[in-house]
Amino acid sequence: MDFDLKKQLQRHPGLAAIYEKAAADIAAAETEAALEAARVRHLGRKSELSRMLRAIPGMSPSERPLAGKLGNQARAAVEQALAGRRQALESEALDRRLAEERVDITLPGEPFPNGRLHLITQTLWEIEDIFTGLGYRIAEGPEIETDYYNFTALNTPEGHPARSLHDTFFIEGEAEALLRTHTSPVQIRVMEKEDPPVYVIIPGRVYRRDSDATHTPMFHQVEGLAVDERITMADLKGTLEAFAKAMFGAERQIRLRPHYFPFTEPSVEVDVSCMICGGEGCRSCKQSGWLEILGAGLVDPNVFGFVNYEPDEVTGFAFGMGVERIAMLKHGVTDLRMFYDNDLRFIKQF
Ligand code: PHE
């Protein structure tokens, strides 16, 4: 307590007692709530001090000045004691929190698990690397396509048997819109925009109404398109052989089998010599020594007609491969659906 006040209060034992009691009570308050209760007790309307101050006007003129002066001083001193104690409690609380919440920076950190690229992404990037190394650019197109780009401009008019209806996802209420069933429509989009020569690969998602161990309703393709003067089947074969060796190993060979696609003529299916048995024949290649990896062919002149390229001036080849299939063959994955189960035990193996 203020020494001066103490001396003063000695002249009024009643006030001195009131003050001493309040000060002791405040000093003993261990919580904010206890402190607030002490405030009400000692400064509230019903407190001894307040009652005493209210009684001053009725005192005798000889008592009144001293009681008034000391009463107000005592009140100010109690308020000061409250404020001081409140601050002390707050800083104690802060000290406690700082001690409790202290972070020990010498402890080792929490391990942060590393993610990894999905095998399909890895395979896509690998294919892209091989073809960009051969001078191809990457082009992309929309996954929601129109009937025109997905079929008609690819020499597949309405009513053509290749439009096997059950394979395509159409969009309700949209006569023209569908989910592209292959990346080939981007061939058209690229040729509409650019004059030959064109050397592009087109990676992307495609959709078909199909689901079993070797089909998922969504899968990935990489399309290839080369249009230039005097492109021949030999260019196609050389390019795909270079790809097969880069992807599956330098010992790999390829073979072309006649096939049919509406937008290539002639069309082929391309096999790679089995990387499991080296071509001897095993379970994976069904004893044939060969594994099918993609479809291809020379661009049908009718397709050039749709994009105003001159079939007399340029020729081209195109190919399309399923990325999941390539990844399955390369890594011995037996069920395509595993790519999309998102089971980390599977994904972490690659
Ligand atoms: N678009 C064909 C398919 O999805 C593949 C293909 C592409 C064939 C280019 C020939 C040329 O089956």
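**Notes on the predicted model: two sheets, a ligand and a helix**

1. Let's start with the smaller piece of strand architecture: an open sheet of three strands, ordered β2-β4-β3, with antiparallel pairing. The edges are β2 (144-146) and β3 (170-171), and each of them pairs on one side only. Keep in mind while you look around that this is a predicted model.

2. Zoom in on one pairing in that sheet. Three bridges link β2 with strand β4 (residues 174-179), and the two pair in the antiparallel sense. Want a residue pair to click on? Ile-144 has Leu-179 in β4 as its bridge partner. If you're new to sheets, here is the background: strands pair through backbone hydrogen bonds, and they do so either parallel or antiparallel.

3. Next, the other sheet. This one is open too, has seven strands, and reads β1-β5-β6-β10-β9-β8-β7, with mixed pairing. At its edges sit β1 (137-138) and β7 (254-261), each pairing on one side only. At the β7 end, seven bridges join β7 to strand β8 (residues 264-273), and the two run antiparallel. You can find Arg-255 standing opposite Asp-271 in β8.

4. Now have a look at β10, which sits between β6 and β9 in the strand order. How many bridges join β6 to β10? There are eight, and these strands run antiparallel; Val-227, for instance, has Gly-316 in β10 as its bridge partner. On the other side, five bridges join β9 to β10, again antiparallel, and Gly-297 stands opposite Ala-318 in β10.

5. Why is β10 described as largely enclosed by the rest of the structure? Six of its eight residues are buried, so the description follows from the count.

6. On to the ligand. It is surrounded by 14 residues, and the closest are His-182, Ser-184, Arg-208, Gln-221 and Glu-223. Some of the distances are worth checking on screen. His-182 places a polar side-chain atom 2.9 Å from a nitrogen atom of the ligand, and a polar side-chain atom of Ser-184 also lies 2.9 Å from a ligand nitrogen. With Arg-208, an N or O atom of the side chain is 2.9 Å from an oxygen atom of the ligand. As for cover, the ligand on its own has 330 Å² of accessible area, and the protein covers 89% of it.

7. Which strands help to build the shell around the ligand? β6 (218-228), β9 (290-299) and β10 (315-322) each supply at least two residues. The largest share is three residues, and it comes from β10. By residue type, the shell splits into five nonpolar, seven polar and two charged.

8. One residue of β6 deserves its own point: His-220. Is it buried or exposed? Its relative accessible area is 8%, and the cut-off for buried is under 20%, so His-220 counts as buried. Its side chain also makes a polar contact of 2.8 Å with the side chain of Glu-324.

9. Last, a quick check on helix α5 (residues 64-100). At 1.5 Å a residue, its 37 residues should span 54 Å, and the end C-alpha atoms are 54 Å apart, so the two values agree. Several α5 residues are buried, among them Ala-67, Gly-68, Leu-70, Gly-71, Ala-74 and Ala-77. That list of buried residues also includes Arg-85.

How values were computed: Residues numbered from 1 in each chain as written. Predicted model: local features only at pLDDT ≥ 70, side-chain atom pairs only at ≥ 80, totals over all residues. Heavy atoms only, no water. Near = heavy atom within 4 Å. Polar contact = N/O pair within 3.5 Å; in protein donor to acceptor, adjacent residues only side chain to side chain. Areas by Shrake-Rupley, 256 points an atom, 1.4 Å probe, with all protein chains shown as cover. Helix = DSSP H or I, 4+ residues; strand = E, 2+ residues; numbered from the N terminus. Nonpolar A, V, L, I, M, F, W, Y, C, P; charged D, E, K, R; others polar. Expected span 1.5 Å × (residues − 1). Buried < 20%, exposed > 50% of the residue type's maximum accessible area, 1.4 Å probe, protein only. Pairing = 2+ DSSP bridges.
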